[in-house]
Each structure stands twice: as C-alpha cells, then as structure tokens.
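Open the model in your viewer and keep the sequence panel beside it. The tour goes from the whole chain to single side chains, one selection at a time.

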Amino acid sequence: MPRRSGELQMDLWLPLLLFWITCASSSPIAGHSRSTQSGGSAAVAAVAVVAPASGPGSEGQRLLSRAKRGWVWNQMFVLEEFSGPDPILVGRLHTDLDVGSKNIKYVLAGEGAGTIFAINENTGDIHAMKRLDREEKAEYTLTAQVVNADTDEPLEPPSGFIIKVQDINDNPPQFIEGPYRASVPEMSAVGTPVTQVTATDADDSGYGNSAKLVYSILEGQPYFSVDPNSATIKIALHEMDREMREEYLVVIQAKDMGGHMGGLSGTTTVTVTLTDINDNPPKFSKSLYEFVIPEDLPMGKTGGNVKANDRDIGENARSTYNIIDGDGLGMFEIVTDAQTQEGILRLRKPLDYETKHAYILKVEATNPPVFSKPMYRLEVNENAPINTVIGSVTARDPDSSGSSVRYFIDRHTDLERQFNINVDDGKITLAKPLDRETDMWHNITVTATEVKNHSQISRAIVAIRVMDINDNAPEFATEYEAFLCENGKPGQVIQTLSAVDKDDPIQGHYFDYRLVPEMLNNPNFTIKNNQDNSISVLAKHDTFRRQKQEMYFLPIIVTDNGHPPMSSTNTLTIRVCGCSKDGEVQSCNVEAYVLPIGLSMGALIAILACITLLLVIVVLFVTLRRHKNEPLIIKDDEDVRENIIRYDDEGGGEEDTEAFDIATLQNPDGINGYLPRKESNRTSSSCQGRDSTPAPTAWTSTSSSTSDSTKLTTTRRRPRTTPSRSTATRAGGPSPGH
C-alpha cells in the first residue's frame, strides 16, 4: 500500500512537471526577443511565472521573475583623424539594471573592442583610443553586455550596435587619369566640346560638401573654358587657326566644399592640339617660271618642275597640277610627284626650234573641295518624322575650274544609318526616329569630292543636337521611405519629396504635386508645397500606433509643365516607429501589444497553449489509469493473447490438492495484498459447474512435482457455435469428460 501511494503521487506530479517545462521553453514569458535599429533603444517588460515547489506534497510556491532589460543608446559617431591628448568619448551605454545599487559591469566585444574602443565597466562610457580613418574603415560592429561584477555571469543577452566613423574633409580631389591630351579641329565654333576631365574625392559624398567638386580653369584662357559642374572643356575663342598656333596647355582645377573657401583642391593639365582642316589653297612661290629645253629633248623626259606650297598638312596639302591654258597644250603635259608634291613638266611631242622657239603655258595647282564651315551644328526635334530635312552643308572647288562637288556621309561615323544626305546639294535628312533621352548628340562626318577628280576629297564634322519634347512623366527622385514617430505632433514634417524628369525643357521644370482623389480627405496625412519643386508630407494627428497599423502607403500624383503635360503616380511608404523624446527613431518593428493586466498577447497565447497541453496530459493520464484498473478477462472475441505468471512456490506434485482460484488471480492486489490458496478439487468443481453454458475461455493449470515453480497459462480462444466446456486438468491425467 505505501508503494502504491508513492506511485500515485509520482503519476500526479509528472504531468505538472511536463507542463512547467513546456511553458518555460515555449512561452515568451520565460525568454524574450528584442529588435533594435541603429540609434534606437529597446525595453522588455518584466513578467513573473508561478510554478510549484519541488518535492511531493509541498504546498509552497517560488516566484521565477525576469529582470527588466532595456538598452538605451543613440546612433554613435566618432570623428575621423581625431588626435586630441585624451581618448574621445564616442557614446554611453545604459541598461535599466544600472540603478546604482546593482553590482554590475559593462562588457564590450566585437570589431576593435579593447584595441580601438574601450568601455568604462562602471559607467558604460565608450572611448576611441586611436586615431581613425574613415577611408580605411567606415564603421565598426560591436556588442555590449551587462554581467555580474563578481561572477561575470551574464545578466542580459548581448546587444549589437554600430559605431560609424564620421567624415571630415581630409582628402583633396585627384585626377586619376591625368594628365590629359585632346584635339579639336581648327576654326571650330565657340562652345564646341573638346574633352571632359574627371576628378575623384575619397571623402564621403553623402555627408556634407566634403566631396562636392567645382571645376575652374587656371591656364588656357581666353582660348578655352570649362563647365564648373561637368568639367567639360570647350572652345571659347573664334577662328582658332592651326597655322598660327597648333598646341595649347590648359590647367584645370577641381576644388571640394562646393568651391568655397577652405576647400581642398587638385589640378591637372590638358594638352589641346588643333587638327588641320583644308582651309588654305596651294600657292606658287613664283608667278612666272622659265625653262630652257634643248630642241632634241626626248619625248617623256622632264623639261622642268614647278611647286605650289600649301600651309595645310597631310591630305589637305596634296595638290594636283593641270595645264589649263597656253599655246602648248598638245606639246607638254604635267604630272604630280607624290613624294615631293611638285608638278613635273614633260614633253609629249618633238620640238622644232626653227618652227617655234618659245611656248607659254598656264599651270594650276588645286586642292580638294573646301567646305563653307569646318564644323556644322544642326538641330532636330526628337519626334521629327522620317525624311525631315535637318540642314545642309556646302563645299566648293577652290580652283579656278570650279568643278562640281558631290557629298557623302562617312558611315563609320553613322553605323546605325540614322541620317541620309543628298549627293548633289548636301541636304541632310532623318532616316530613323531619334530619342533625346538615349542620345542627345550625334556627330557624323560628311565628305565632299570633285566630280572630275575623285582623289580630291575633303571632310567636315556635322554635330546634330536632338531637341527635347515633353514625352517623359516626372517621378520621385528616389524611392522614399518615411519614418513617423508615434509620439509625433500634428503638423510635423514626415518627409520632403522632390521629383526628376528625363525631359529638358528650355523654360526649366515646374512640378505640381497632389494626392490621388480617393486620398484627398484621408484623416492621416496631407502635403504642403515648398515652392521649390518639392513638397513636405505632414501628419494630421498624433495617435499613430504600430500595434494598430505598422505601415501606410500614400499615393501622390506628380505633373510637369510641358506641352502636353505628363504625370505619374508615385507611392510614399510611411513606417510608424518608436522614437525618443528628441524625435530620434529608435525602433520600427511591431512590438507585442501589452494588455492592461501586464501580459502581452503573445504571453496570453502561450499560457492558453500550456493549459491546453496540461488538459491533454491529464486526459491521457486518466485514460491510462482506467485501462490499468480493468480486469484481466478480455472481452474482445477477436483478441488472442497469452499471459504467463510465475511463482517461486515449490509444488507438491500429484499429491498436491491445492490449486489457484482463477477469479482471485484476476485481482492481483487482493483484499489485503496477498493471494489465497484454495483446494484444487474445489477449483475443478467450480469449473465443471459452468459446463452447461458456453465458456469463451479455457483455463489450464498444470503442476509438476519435479518443478520448482508453478506455471499458469491463460489462453483466449474464439467461441464455437456449439457450447464448449471448461476443464481444469491436473498433470496426473485428464479430467472427467475427456
């Protein structure tokens, strides 16, 4: 009986213990999670769990509680290149456990902990111990933890945060690809682009003006200018002649801080070379040449040389000599020496001094055709239809003969064949549609050739500018994501928005902002025009809560001032966040909603889950106990099993007239916890008393005098259609009736 009572107590405590372990492992009461955002803080409410004290029969209870934990810090920054005599204070960590009387200390780990950054164990102050360089490493990831000052036992889970190295203007602009060399055709028009230079600044472009560069020209004026923002160098003087000066040295400066005083600067040089165009005709050094030729000069032999000089170079200096007049047109010919560029006079027919002793010839030296301009600038609208006449070029034969000229486009400069030209009059037409947002400028080369002499070719550059039409809708300058403080005030500016437009109207951009019609009367937000092509989004009330709605979407229509106007709908995402009293965002994650009784919704759900689990365990326990208390007689006719019970009592053999009462064996506990022995013949007669009724079970009890144990075999058989008999057979022989 005492042993049975102890088993019952253990069975009662087992489900309770399982319930307590389940709650402790699954409920957010026993453990908690926290989410922080850079510059934010988090706090976890303290929750108590009541569990039974260990040991059966104890009625006492012990309180398990979790201390309230709350790290508080703002986003930490440290100035780079700080070289003061003392370590610089980066920031301070603080936990709600630090109330003055607690024996705690702060521990710092992570990148640079102990070497670059040190923490005061008592106050949580973090200091930078070394001089930092943002260009070498911009931020450090660390973790902080509160531990017991005596045992170093953690009192809080570690919390991560980032220390960012704040940029200062300590890097001058640099021209990585300099010095530069560039070329431009002579006689180019004012404003013709020459080349573009680029400077880089290692300082942080997203912070202040440390990396905002402005370009200026220090040397090279008045011949060249530079765009202060794009650093494009352009022609600034009319009719720059290569024959007067071929090369120029230009010095360009890039200065950060937006070009203001105190900014750092860097310089580079650009060597600009004027390339030759055919703008100079050949000229003879003498107006009259005299040659004395012997009467017997063989035909084909040289009778004299003439030379015309050309200030141009290369192909532009090639001249062709022709006899255009005189009384010896049939007697002489002139050819050009490709090496010396001289005209060689040769005899075609025999001479006879007695017939004619002198000849007068007029020789002309010619160049390729000359364009009216060395460079043409044309304009065309981006929506212009095919075959639109963009403009025309003209060239003439500078020679006195005035040969006709034909025009062609060098297809190496127009690979996509976007333009055509009329070979006779030089009109340039559009062959394919143009898109200004894809290519604003198209530079092609046009050639002019004499009809009579195809070797005389000249070239001109044609720059075609694609003019803008309003075919693009404005859109937000970036994908904005605004943060709204729960404790903000009505009328507070949530976000300032601006827009961009790929089009480039002459009058400039002007954008109109408005809410979509279905949002005009929304109770949460409104917009205000800042009169500078931007708007501010304002909150209408101060009752925003993350538990109610974490995120809002505000669609805004942006329209430009083009003809016709273009508009687009852009959506601003607004997140509701927890903020400090100063309005600094601390956490934008949805925190558990705290019920008035002090339990969060998650904790309440966990408790209900634990209670449900407890009920399931109790039901299983009661079911097992009920099955355990059922009699050993099996009532299911389909179930066949065998039970063997062994006892250490020595049997009396055939002389033993005592047997076991089967009914007593069905209750192994008995009345007083022991099994009574009965007469075997009584048992036998008891069994025989049931012969008149069908017995579903046949019991066989066998005893042997040679055995030191007694075996009781119980067998369940399927009932027959005819009444069966139950017999008890002794080892000495069959019972009556068999």
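Begin with the whole chain selected. Residues 24 or more positions apart account for 65% of the contacts with a separation of 6 or more. Keep in mind throughout that this is a predicted model. Colour by secondary structure, and the chain shows four helices and 45 strands. Of its 738 residues, 36% are buried. Switch on the surface: the chain exposes about 43,600 Å², and carbon and sulfur atoms supply 52% of that area.

**The nonpolar core**

Next, select F525, V537, L554, I556 and I574. These are the residues with the most contacts inside the largest nonpolar core, which has 25 residues. Now add the elements that give two or more residues to this core, among them strand 34 (493-500), strand 37 (534-539), strand 38 (551-559) and strand 39 (567-579). Strand 38 gives the most, with five residues. In soluble globular proteins, nonpolar side chains tend to be buried together.

Which residues does L554 touch? Leaving aside residues up to four places away in sequence, L554 touches L515, M519, F525, V537, N570, T571, L572 and I574.

**An open sheet**

Hide the side chains and show strands 32, 34, 37 and 36. In that order they form an open sheet with antiparallel pairing. Strand 32 (475-476) and strand 36 (525-529) stand at the edges; each has a single partner strand, so one side of each is left without a neighbour in the sheet. Zoom in on strand 32: two bridges join it to strand 34, and the two run antiparallel. Here F476 stands opposite A499 in strand 34.

**Aromatic rings**

Show the aromatic side chains. The count comes to 14 aromatic pairs. Select F371 and Y376, an edge-to-face pair with 6.4 Å centre to centre and 75° between the planes. Are these two buried or exposed? F371 has a relative accessible area of 10% and Y376 one of 5%, so both are buried, the cut-off being under 20%.

Move on to F544 and Y552. This pair is also edge-to-face, at 5.6 Å centre to centre with 85° between the planes. F544 is buried at 1% relative accessibility, and Y552 is buried at 9%. Then select F284, Y289, F291 and Y321, which ring pairs link into a cluster.

**Charges over rings**

Finish with two lysines. The charged end of K137 sits over the ring of Y140, 5.3 Å from its centre. K356 lies over the face of Y359, at 5.3 Å from the ring centre.

Notes. Residues are numbered from 1 along each chain as its sequence is written. This is a predicted model: local features need pLDDT of at least 70, side-chain atom pairs count only at pLDDT 80 or more; totals for chains, interfaces and linings use all residues. Side-chain values use heavy atoms; hydrogens and water are left out. A nonpolar core is a set of buried Ala, Val, Leu, Ile, Met, Phe, Trp, Tyr and Cys residues joined through side-chain atoms within 4.5 Å. Buried means under 20% relative accessible area, exposed over 50%, partly exposed in between (1.4 Å probe, protein chains only). Contact means heavy atoms within 4.5 Å. Two strands pair if DSSP finds at least two bridges between them. Accessible areas come from the Shrake-Rupley method with a 1.4 Å probe; for residues, only the protein chains shown count as cover. Rings of Phe, Tyr and Trp (its six-membered ring) pair if their centres lie within 6.5 Å; planes under 30 degrees apart count as stacked, over 60 as edge-to-face and the rest as tilted. A charge sits over a ring if NZ of Lys or CZ of Arg is within 6 Å of the ring centre and within 35 degrees of the ring normal.
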